[in-house]
Amino acid sequence: MMEYFLTEEQKMIKDLARRVADERIAPAAAELDEKEEFPWELMKVCAESDLFGVYMPEEYGGLGGGVLEQALVVEELSRACAGVAVSYAASGLGAFPILLFGTDAQKKKYLPDIASGKKLAAFGLTEANAGSDAGGIETTAVLDGDSYVLNGTKQWITNGGEAEVYTVIAMTDKKKGSRGATAFIVEKGTPGFTFGKKEKKLGIRASATRELVFHNCRVPKENVLAREGMGFIVAMKTLDRTRPGIGAQAVGIAQGALDAAAKYARQRHQFGQPISSFQAIQHMLADMAIQVEAARAFVYAVAKSIDSGVKEFSKESAMVKVFASDVAVKVTLDAIQVFGGYGYMRDYPVEKMLRDAKITQIYEGTNQIQRNVIALELIKEYAGRK
Ligand code: COS
């Protein structure tokens, strides 16, 4: 890997996450995938290693880092198992709305337990009829006295059922479209809040994906984030910050696939020599390495720029998510090709990596939606220059 001029603390965080990945996650990855088992034990290991709080301010028990520190952890965990990594990362996705828009009281109440890993968080935006069209959500929240009454169903929520703290977007005024959405903090155990069945997935099978079902669920008024009508903005600004994390996940998966393919190419002999001596294989490995390093450099650069306090970064955040996720799918496919028939078999690690990589092109906004965002921003920028 290139020298990225990380601080000593960032290097320590990355090394620590790598140790957790190598020593604890990698040996368990195939079994967790096969059994579709939520990795509670590994979540505890991440908590004991202080990984959950790397992006949180110190006053809430975190290490005081930002998007880059979280990306470093996600990348390393994803090298070993993206299903475990996304369970870790989705807690950050659930926490960011509170971090960005919470009142002092909300932050003090919820963030320390998320930073310590005592509680997982989750983010509830998507619905059956509102995926790319996030403004089309149908879950409603109606003010009644001192609380809002939530009704509706959120779909495909990572950490659904496992997390204790949920940030949920619901419509408080349907007529206003996306300006009529509001964000709420909802705790597991609130009456009227239940979970659907655990989904069976192509990849990231260690992670838990469930519906969040709200049936006359009363959420106290003080659990509103920002204010009524700000829910869509809360969601968009959260995703702007977390999409580089999907990039980091993709880089980790792709690096894992490159590591496996390069190692295999040295061991596998055909025609009396290791296949790594054939130029056909060498060029594939070279292309994989170029793409992984370019994606990593892009992820680190965007994360660092967000942490430096730039105001506008929707476009860059979308770009890095698209680039790295497309790289992950390409590199994992190529890794299978290097492995040949063995790569297609479950006994070898690379077919899982392809299955895990695919979701990075879909969740937190499909790559098609990201390209729309990028193009619209570009057009705005060029219109301004003329
Ligand atoms: N930051 C701040 N404000 C934003 C924003 C952002 N990144 N993106 C949009 N907004 C604002 C717009 O400026 C607009 O404000 P006004 O009402 O003041 O004009 C408002 O939000 C509505 O924006 P827009 O008209 O662009 O909304 P659309 O309904 O057209 O949807 C997309 C925009 C498609 C970009 C949005 O729905 C989206 O991101 N979809 C993907 C959702 C997603 O990621 N799902 C995954 C679920 S989480 S795992």
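Me: Is the crossing where helix 6 passes helix 7 left-handed or right-handed?
Reply: Helix 6 passes helix 7 in a left-handed crossing (the near helix is turned anticlockwise from the far one by less than a right angle). Helices here are DSSP runs of H or I, at least four residues, numbered from the N terminus. This is a predicted model, where local features need pLDDT of at least 70, side-chain atom pairs need 80 or more, and totals for chains, interfaces and linings use all residues. Residues count from 1 along each chain as its sequence is written, and side-chain values use heavy atoms, without hydrogens or water.

Me: And at what angle do helix 6 and helix 7 cross?
Reply: Roughly 155°, and the axes of helix 6 (residues 231-267) and helix 7 (residues 279-307) come within 9 Å. Axes are lines fitted to C-alpha atoms over the stretch in contact, with angles from 0 to 180 degrees between N-to-C directions. Helix 6 and helix 7 are therefore roughly antiparallel (over 145 degrees).

Me: What classes of residue make the contact of helix 6 with helix 7?
Reply: There are 18 nonpolar (Ala, Val, Leu, Ile, Met, Phe, Trp, Tyr, Cys, Pro), 3 charged (Asp, Glu, Lys, Arg) and 2 polar residues (the others, Gly among them).

Me: OK, over to helix 4 and helix 5: parallel or antiparallel?
Reply: Roughly antiparallel. The axes of helix 4 (residues 82-101) and helix 5 (residues 104-115) cross at roughly 155° and come within 10 Å. Helix 4 passes helix 5 in a left-handed crossing.

Me: How far apart are the axes of helix 1 and helix 2?
Reply: 11 Å, with helix 1 and helix 2 (residues 40-48) packing at about 165°. That makes helix 1 roughly antiparallel to helix 2, and their crossing is left-handed.

Me: New topic. Which helix gives the largest share of the lining of the second largest pocket?
Reply: Helix 6, with 8 residues. A pocket is an open set of points on a 1 Å grid over the protein atoms alone, where a 1.4 Å probe fits, with protein on both sides within 12 Å along at least five of seven lines; lining residues have an atom within 4 Å of a point.

Me: Which residues are closest to its centre?
Reply: Ala26, Ala29, Ala80, Pro349 and Met353, out of 30 lining residues. By class, that lining has 13 nonpolar, 4 polar and 13 charged residues.

Terms used
Helices (H or I, at least four residues) and strands (E, at least two) are DSSP runs, numbered from the N terminus. Angles under 35 degrees count as roughly parallel, over 145 as roughly antiparallel, 65 to 115 as roughly perpendicular and the rest as oblique.
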